[in-house]
Amino acid sequence: MSASSLHRLPTPAARLDDVLADLSARFAARAAHHDETGAFPHEHFAQLHASGLVSHVVPAAHGGGGAGLAEARRVIAAVAGGDAATALVLTMTYLQHRAIGRADSRWPDAVREQVFRSAVASGALINSLRVEPELGSPSRGGLPATVAMRVGDRWRLSGHKLYTTGIPALQWLAVWARTHEPEPRVGLFLVPKPAADTPGIRVIESWHHMGLRASGSHEVVFEDVWIPLENAVDIRPPAAWAPTSGSQADFDASADQQAWMVTLLGSLYDAVARAGVDWVRQFVSERVPSGLGQPLATLARVQEAVGEMAALLRTNRVLLDDLAAQADAGTPPSPADSGLVKYTVTSNAIRAVELALQLSGNHGLSRHNPLERHYRDVLCSRIHTPQNDAILTAAGRAALGR
């Protein structure tokens, strides 16, 4: 089925399941090639758009699917089961659509409408550009070196960003920057990137990673990029970005966004682990060593290891389903509690793939089989914000009343 032959998704869940199963299988068939070459999977996003899935989280009032977190989780899990790199790019777009579609979003209505309309019409992708060579991740604090200077009725933006996931296909860049003012403000400046040769935007193809190799997470340099005044979509004094500095509405929005991020990233890496476990289950069922004379699956130690994998992934499913349900009910847990879900789910996913490798031995580490790719991909879960040390420190402080 080509991208042109796909149709917009009707609402029944059974139809969505059919589409996701088909896309997952198609992505899986190409995942090894994209991983080996590092080539960005443009064709995957053409198919996702043709299925209405790029704009699935866009509010229905703007022409999108209006999906909540539980349904977005289903989509990301299915896509990741086929190709984790594709799922990561889609996850970033979903998170941005959720952030700007919230009723209390600070984005100007006209700019928000542009982003949503382009997603519905052409499958336009968006991501936030935050990490810098000197600053690292802004979640650790500090002012960005990327600077926006107001000149008349426009902003002139200059800076350098790392790990811009999806940059070969992104059409909107939400850039974290500070203003060139005596007392700088900090926030998001929306930069359109309609073509690879956009003036002032230079992509350095430096992404040569162990995992998620086809995600196109390259560096981007901005050299005097001009954007409209209204594209300063959310800029505030630095102190106003602190988690405890805002209003109750700001805290609620932060809790909701954290729940979405943890659920979608957790679903992604859980799906990678499930793909690895599925492979090793087939391997031990078919592998018959001559000294044993029967499949490895008949051995008690193998059965015990597979049972441990099942326990780990069962725990993940319960935690992720519960977190999605809480967010969809409008009662997400605190960001710290969501962080603990991320810690547990990703730790379980890594452990499950490690057990699969122990059972498969050299077969699992061979580039001829997908398990070693799943292992490289699942290890990337430790890097995504919030990272384990921050999660556990926050949990420890809360438990100690600090």
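**Exercise 1. Burial and surface**

What percentage of the 402 residues of the chain count as buried? State also the accessible surface and the share of it that belongs to carbon and sulfur atoms.

Solution. The model is a predicted one. Step one: a residue is called buried when its relative accessible area is under 20%. By this cut-off, 49% of the 402 residues of the chain are buried. Step two: the chain has an accessible surface of about 17800 Å². Carbon and sulfur atoms account for 54% of that surface.

**Exercise 2. Overall dimensions**

Compare the radius of gyration of the chain with the value for a compact globule of 402 residues.

Solution. Step one: for 402 residues, a compact globule would have a radius of gyration near 21 Å. Step two: the chain has 22 Å, so the two values agree. Step three: add the extent of the C-alpha trace, which spans about 80 × 55 × 40 Å along its principal axes.

**Exercise 3. Secondary structure and domains**

List the secondary structure totals and the domains of the chain, then describe how domain 1 and domain 3 are placed and how many of their residues are in contact.

Solution. Step one: the chain contains eleven helices and eight strands. Step two: the domain assignment gives domain 1 as 13-123, domain 2 as 129-241 and domain 3 as 248-400. Step three: the centres of domain 1 and domain 3, taken over C-alpha atoms, are 21 Å apart. Step four: the contacts between these two domains involve 27 residues of domain 1 and 28 residues of domain 3. Step five: for the chain as a whole, take the contacts between residues at least 6 apart in sequence; 72% of them join residues at least 24 apart.

**Exercise 4. Two residues in helices**

Is Gly 276 buried or exposed? Is His 97 buried or exposed? Give the helix and the contacts of each residue.

Solution. Step one: Gly 276 lies in helix 6, residues 248-286. Its relative accessible area is 0%, so Gly 276 is buried. Step two: leaving out residues up to four places away in sequence, Gly 276 touches Ala 356, Leu 371 and His 374. Step three: from Gly 276 to Glu 286, ten residues apart along the chain, the C-alpha separation is 16 Å.

Step four: His 97 belongs to helix 4, residues 84-101. With a relative accessibility of 1%, His 97 is buried. Step five: beyond its neighbours within four places in sequence, the contacts of His 97 include Val 54, Val 57, Val 58, Phe 116 and Ile 126.

Notes: Residues are numbered from 1 along each chain as its sequence is written. This is a predicted model: local features need pLDDT of at least 70, side-chain atom pairs count only at pLDDT 80 or more; totals for chains, interfaces and linings use all residues. Side-chain values use heavy atoms; hydrogens and water are left out. Helices (H or I, at least four residues) and strands (E, at least two) are DSSP runs, numbered from the N terminus. The radius of gyration is taken over C-alpha atoms; the globule rule is 2.2 Å times the number of residues to the power 0.38. Buried means under 20% relative accessible area, exposed over 50%, partly exposed in between (1.4 Å probe, protein chains only). Contact means heavy atoms within 4.5 Å. Accessible areas come from the Shrake-Rupley method with a 1.4 Å probe; for residues, only the protein chains shown count as cover. Domain bounds come from an automatic or database domain assignment.
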